[in-house]
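Please take a moment with the sequence and the three-dimensional view below before reading on. The paragraphs that follow go from one residue outward to the whole chain.

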Amino acid sequence: MTSTVVPQQAMPVPEKEIETTRERLIYYSSASGNTHRFITKLNRRAARIPMRRTEPDLVAETDYVLLVPTYGGTKGERSILPQILNFLREPQNRKYLRGVMGAGNSNFGTQYNIAARKIAAKLDVPLLYTFEIMGTEEDVARVNEGLDEFWTHLSLNPQ
Ligand SMILES: Cc1cc2nc3c(=O)[nH]c(=O)nc-3n(C[C@H](O)[C@H](O)[C@H](O)COP(=O)(O)O)c2cc1C
């Protein structure tokens, strides 16, 4: 029996596709879509962090506020979803991050909105707002007013 030895060749690693965004609001929402519903009620333009690895990575090209839900592990470990960690691994997404908002559920007690809190602490940006599930009408109004004020203030105080 004869065998042919095929020389091993390094397989080229395909470059991950990217999608750039200049939206001032970037959010993640999983299949349950609560955060997405909140964003829809805000009636503001926003970019969504992809759920699947097959989708292009999102890269911010200007200052933005991030809105993320928490999916907790024990004691807050793994409370930041891998898709959000992947997004924040991109240096430009850390560079342009100006503030964080969180969606959670207060039934989780001390782990309430832990993902947004951790991101704000780790990346040294303000935690601007937290709300439950898909937010109330009051949350919608407060976030809309707060974001307008925040961007006005930032544009007067360029970083
Ligand atoms: C498995 C699971 C774990 C969760 N863990 C937490 C948690 O630790 N802290 C918290 O504040 N909310 C927690 N939540 C609530 C979600 O953050 C909340 O439902 C949010 O609205 C989900 O947003 P999404 O539907 O856009 O993904 C959890 C929800 C699920 C289903």
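Leaving aside residues up to four places away in sequence, L67 touches L25, Y27, T35, M101 and A103. This contact list, like everything else described here, comes from a predicted model. L67 also belongs to the largest nonpolar core, which has 30 residues, and it is listed there with I26, Y27, L66, V68 and I119 as the residues that touch the most other members. Two or more residues of this core are supplied by each of several elements, among them strand 2 (25-27), helix 1 (34-42), strand 5 (64-69), helix 4 (114-123) and strand 7 (127-132).

One of the partners of L67 is T35, and this residue leads on to helix 1, where T35, F38 and I39 are buried. Seen down the helix axis, these buried residues fall within an arc of 100°, so they line one face of helix 1. The general geometry helps to explain this, because an α-helix has 3.6 residues a turn, so residues three or four places apart point the same way. The buried residues of helix 1 pack against strand 2, strand 5 and strand 6.

R37 also lies in helix 1, but this residue is partly exposed, because 14 other C-beta atoms lie within 10 Å, whereas 20 or more are needed for a residue to count as buried. Although R37 and M134 are 97 residues apart along the chain, their C-alpha atoms are separated by 6.2 Å. Helix 1 is followed by N43, which has a positive phi, near 60°.

Helix 1 matters again when one turns to the ligand, since it gives the most to the surrounding shell, with three residues. Of the 21 residues around the ligand, those that come nearest are N34, T35, P69, G72 and G104; the elements giving two or more residues to the shell are helix 1 and strand 6 (97-104). Sorted by class, this shell holds seven nonpolar residues and 14 polar ones, with no charged residues.

What, finally, do the secondary structure elements of the protein come to? There are five helices and seven strands, and from the N terminus on they run β-β-α-β-β-β-α-α-β-α-β-α. The radius of gyration is 19 Å, well over the 15 Å that the globule rule gives for 159 residues, so the protein is more spread out than a compact globule. Along its principal axes, the C-alpha trace spans about 75 × 40 × 25 Å, and buried residues make up 28% of the 159 residues. Among contacts between residues at least 6 apart in sequence, 71% join residues at least 24 apart.

Note on methods: Residues are numbered from 1 along each chain as its sequence is written. This is a predicted model: local features need pLDDT of at least 70, side-chain atom pairs count only at pLDDT 80 or more; totals for chains, interfaces and linings use all residues. A residue is near a molecule or strand if its C-beta atom, placed from the backbone, lies within 6 Å of it. Helices (H or I, at least four residues) and strands (E, at least two) are DSSP runs, numbered from the N terminus. Ala, Val, Leu, Ile, Met, Phe, Trp, Tyr, Cys and Pro count as nonpolar, Asp, Glu, Lys and Arg as charged, and the others, Gly among them, as polar. A residue is buried if 20 or more other C-beta atoms lie within 10 Å of its own, exposed if 12 or fewer, and partly exposed in between; C-beta atoms are placed from the backbone. The arc is that of the directions from the helix axis to the C-beta atoms. Two residues are in contact if their C-beta atoms, placed from the backbone, lie within 7 Å. A nonpolar core is a set of buried Ala, Val, Leu, Ile, Met, Phe, Trp, Tyr and Cys residues joined through C-beta atoms within 7 Å. The radius of gyration is taken over C-alpha atoms; the globule rule is 2.2 Å times the number of residues to the power 0.38.
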